[in-house]
Amino acid sequence: MKKSIFSLLVLFSSLSAFAQKGGYEQAMGNALTQYGQAKTTEEFHAAANSFERIAEKAKGEMYPNYYAALALITSSFQMQDATEKDKVIDRAMEHVKKADAIAPNNDEVEVLNGFGLMAKLVVDPASRGQSYSPRIMQSFGKAMSMNPNNPRAAAMMARQELGTAQFFGSDTSKACGLAQKSIPLFDQAKPQGFEPTWGRDVAEEVIAGCNKTK
Amino acid sequence: MRLFYLLLLLVLLLLLLLPGRSLAQTHISGTVAAKSGETIPGANLWIKDTFDGGSSDADGNFAFITHQADSLILVISAIGFEQTTLVLSGQSTSLSIVLKPKVSQLNAVTITSGSIDISDKASAVVMKPIDILTTAGSVGDITGALNTLPGTATVANDGRLFVRGGDASETAIFFDGLRVGSAYGTATANLPTRNRFNPALFKGTFFSTGGYSAEYGDALSSVLVLETIDEPVRNQTDISLMTVGAAVSSTFVGEEQSITADVSYMNLSPYQELVKQEFDWEEAPKSLSGQVVYRHKLGTDGLVKAFVQLSESQLVLWQKLPGDDSRGQRTGITNKFAFANASYKKPINAKWLSEGGVSGSFNNDQFAIDTNKYQNTENLIHIKQKFTHYISDALKVRMGAETFIRNYEEKDLLSGLSRGFDDERVAVFTEAEWFVNTKITLRGGLRGAYNFMSNEGRVEPRLAAAYRPYPEGTLSAAVGTFSQVQGQSILAVSPQIEEATAVHFQVGFQHEQQGRIFRAEAYHKPYAGLPLQTFPTQGSAESVFEDAGKGVARGFDIFYRDRKTFANTDFWVTYSFVHSRRQYGTFTQQVQPSFAPEHNVSVVGKYWIAKWKSQPGATLSLNSGFTYDNPNIAGEMESTSPGFASLSVNWSYLLKPNLIIHFSCSNVTGRDNTFGNTYAAQPNEQGVYASEPLTQPAPRFIFVGVFWTISSDKKANQLNNL
């Protein structure tokens, strides 16, 4: 009986640790669901708020920052006011910085950084195109060299390349090839825990765009 | 025993299901609003040290459930508001939370009075860095593009910046915070010059047409602050082939440092062989220049930058003399220029930023005028250190000190006679900027300066304020006193002469909305201490200068830029009115100076044609004419040249992402603009002073350039292999 009580105590203490961790996991799960269902700018911002709350409590975790940034960047594409867009993207980039500080040299964070820069460019392509394009390419390129099997890095690079190629009316084969190449990478990817899964639609969009121009 | 394990299992299950280790549920709901009563959407609310929380909706309402029962601390956070906490006890279902606005740079109103920030930070700004390259008529010259902005006057036969009725020397040019001496190439009368720096060097430019910070001194009218690029992104080589020359620039980027080196050679003689010139050139302008920029990171947010430019240029020009049928006067100019600059920026901690540096400008001009030979040399050293103290989000204080050391010499190379001076000036400044609330910003500064050559010290107060009557509008005003040492050739004669001074009063309004911006500003600027030339010995050309001249410039400027109304079209319209009167030189009364036309208009348009990957553009510059003094008529500066008009066009074609072809033509219509007349020093036999009109070098200037960028980024190469 004594032994039982002892094991019960051990169990209890390990459980309470698990519950703590479980709280994080559950909160992330809920926030990811909220993010997955978000459609309006307001909903994206509410999801970002949820990730920000988690980031506040679970300070050593990279993913709350990662997803807060992702939700904010995504929302910027459907916002109207340029000044507000810039504010939202700047807030996202703060989270990218924090994510990078928690997990340095992470290819997913690098892709996110490129995505944020892309959002910045889209706010004002005429005057930002020249200075942002190389930085975006550099970011996706860096992510690809960190992890050649990262499907998002390839898909996002394909999107950027396609945009440039279409703008200049030049050869789109590099962009299209890159997008094609990313599809099996998406298929082979076995995301663990909160590892990101987004980006397949980006690759498919690029491929669709390529087929149209052919 | 079995029951025991069953119970244990049950407990386990419960524990797994309920992360909060508690069965209680607390409902928390309410609304979030600002002090002003407006509801706040998107506020983030949570129970401290838990994952429980929610966001406020479009109407500021929120509701969430927490499993914590007691000692609930609710944290409320919203962008632009102070974060607050609230201690709750149990069920709290109709909280009404009021947040105080957080005042910081992000939501404070910017003082726009007189200031034009040329950057791509915001979406609706007066001018962007790319505009300097794409404005028709600028031909890659910073000044050319700035001359389309409010408060400037295009003096096409000079080429420098003239701001709000002041002469060109009244605009001080800074490079990474440090003063540039001789920022323009040397030219002779009626020959336009250019700014020495390639606009591609800079990431941003701050241009003030009045009422600027106490940080800047020795400028009566305006400052132009050029900021070089901090971090180039990749290794690249840029090759430019132009009708007037060629340039190569290479950038190498490392982890912590980067270096850019470039060389350019310009020679106008092939162009002038092809296109007939009105000026009588013996040797067309040619120049060779090289520059190196080095940048090194200092920790995470610090940076050291060093820059060196060396250049040499030459020209020989014949200019007709009034009443003389011969080829006229032969002027040869050889200019040697060196500029070196080292600056750093380093945060000491979260509250303090330290910046400073040293620059040196070394200029040597050799003039050959007919059989005479002269040499002018000027060397200027500027050392500066400043600290910025962020006392709170709403209050920052800047303080610093600087010194200018200069020597200047004019020498007659044939006789060996020379005159010149060595001067030294020191200044200290401090300035506070306070975001009182989201609608009011105040800035106040003091500048104390001492000039060792004239032995005068002065304290200059500078004040500025901005008020936001509605979200898109800004009202701002500035007042301050400003001073400037007299010109070099004046100091060479009268070294003790005191500095010239000006007082700025200005009030402006700005409305900015979604790709459109409107600005209007009125100013009043009295001058004192302008140099007057007197001849103490009768019959002798020996003269002295006194600081007794007075003057005034007042006027208003209006600016409207629109990138929204017409698809793919970006245009701006500027109108500047200036009433400038001053007594200077040998004038016995206040006159309208030649460089201050009363009415000035610029219209700039750019249109993007996606199908042709082209951006054509046009710039129209108009003004009401330049005054000049006709000795055949009674009065001083009583005559005015016909109105100036010039229509310039350009066309940029993006052949490939890295290959741009640029064409531009200034004064397309070939209009025969004149800038007044020069007159003979003595009347002829009929008692008439013969005249010679000041004309343009050529009816048009045509420019074609090919700009090719080769990026040798290893990462980019790697991508090419995919």
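In this predicted model, the axes of helix α7 (residues 151-168) of chain A and helix α8 (residues 173-188) of chain A come within 8 Å and cross at roughly 160°. Angles over 145 degrees count as roughly antiparallel. α7(A) and α8(A) are therefore roughly antiparallel to each other. The crossing of α7(A) past α8(A) is left-handed.

The residues in this contact can be named. α7(A) contributes A:Pro151, A:Ala154, A:Ala155, A:Met157, A:Ala158, A:Glu161, A:Leu162 and A:Ala165. They meet A:Lys174, A:Ala175, A:Leu178, A:Ala179, A:Lys181, A:Ser182, A:Leu185 and A:Phe186 in α8(A). By class, the contact of α7(A) with α8(A) has 12 nonpolar, 1 polar and 3 charged residues. Among the charged ones are A:Glu161 in α7(A) and A:Lys174 in α8(A).

**A second helix pair in chain A**

Helix α3 (residues 63-76) of chain A packs with helix α5 (residues 107-123) of chain A: their axes come within 10 Å and cross at roughly 25°. Angles under 35 degrees count as roughly parallel. α3(A) and α5(A) are therefore roughly parallel to each other. Their crossing is left-handed.

From α3(A), the contact takes in A:Tyr66, A:Ala69, A:Leu70, A:Ile73 and A:Ser76. On the α5(A) side stand A:Glu108, A:Val109, A:Leu112, A:Phe115, A:Gly116 and A:Ala119. By class, 8 residues of this contact are nonpolar, 2 polar and 1 charged.

**Chain A as a whole**

Chain A has 9 helices and 0 strands. From the N terminus on, its elements read α-α-α-α-α-α-α-α-α. Buried residues make up 44% of the 214 residues in chain A. Among contacts in chain A with a separation of 6 or more, 58% join residues 24 or more positions apart.

**Strands in chain B**

Chain B offers a run of strands from β24(B) to β27(B). Each pairing listed here is antiparallel, and each is closed by a hairpin.

| Strand pair | Bridges | Hairpin residues |
|---|---|---|
| β24(B) (residues 418-435) and β25(B) (residues 440-451) | 11 bridges | 4 residues |
| β25(B) and β26(B) (residues 456-467) | 12 bridges | 4 residues |
| β26(B) and β27(B) (residues 473-484) | 6 bridges | 5 residues |

Individual bridges fix the register. B:Val428 has B:Gly448 in β25(B) as its bridge partner. Between β25(B) and β26(B), B:Asn451 is partnered by B:Glu456. B:Arg443 is partnered by B:Ala464 in β26(B). B:Tyr467 has B:Leu475 in β27(B) as its bridge partner. In the turn between β25(B) and β26(B), B:Asn455 has a positive phi of about 50°.

**The two faces of β25(B)**

In a regular strand the side chains alternate between the two faces of the sheet. Strand β25(B) shows such an alternation. B:Thr441, B:Arg443, B:Gly445, B:Arg447, B:Ala449 and B:Asn451 point to one face and are buried. B:Ile440, B:Leu442, B:Gly444, B:Leu446, B:Gly448 and B:Tyr450 point to the other and are not buried.

The bridges can be placed on these faces. B:Arg443, the partner of B:Ala464, belongs to the buried face. B:Asn451, the partner of B:Glu456, is on that buried face too. B:Gly448, the partner of B:Val428, belongs to the face that is not buried.

Definitions and conventions:
Residues numbered from 1 in each chain as written. Chains lettered and ligands numbered in written order. Predicted model: local features only at pLDDT ≥ 70, side-chain atom pairs only at ≥ 80, totals over all residues. Axes fitted to C-alpha atoms, helices over the stretch in contact; angles between N-to-C directions. Parallel < 35°, antiparallel > 145°, perpendicular 65-115°, else oblique. Left-handed = near helix turned anticlockwise from the far one by under 90°. Contact = placed C-beta atoms within 7 Å. Buried ≥ 20, exposed ≤ 12 C-beta atoms within 10 Å, placed from the backbone. Pairing = 2+ DSSP bridges.
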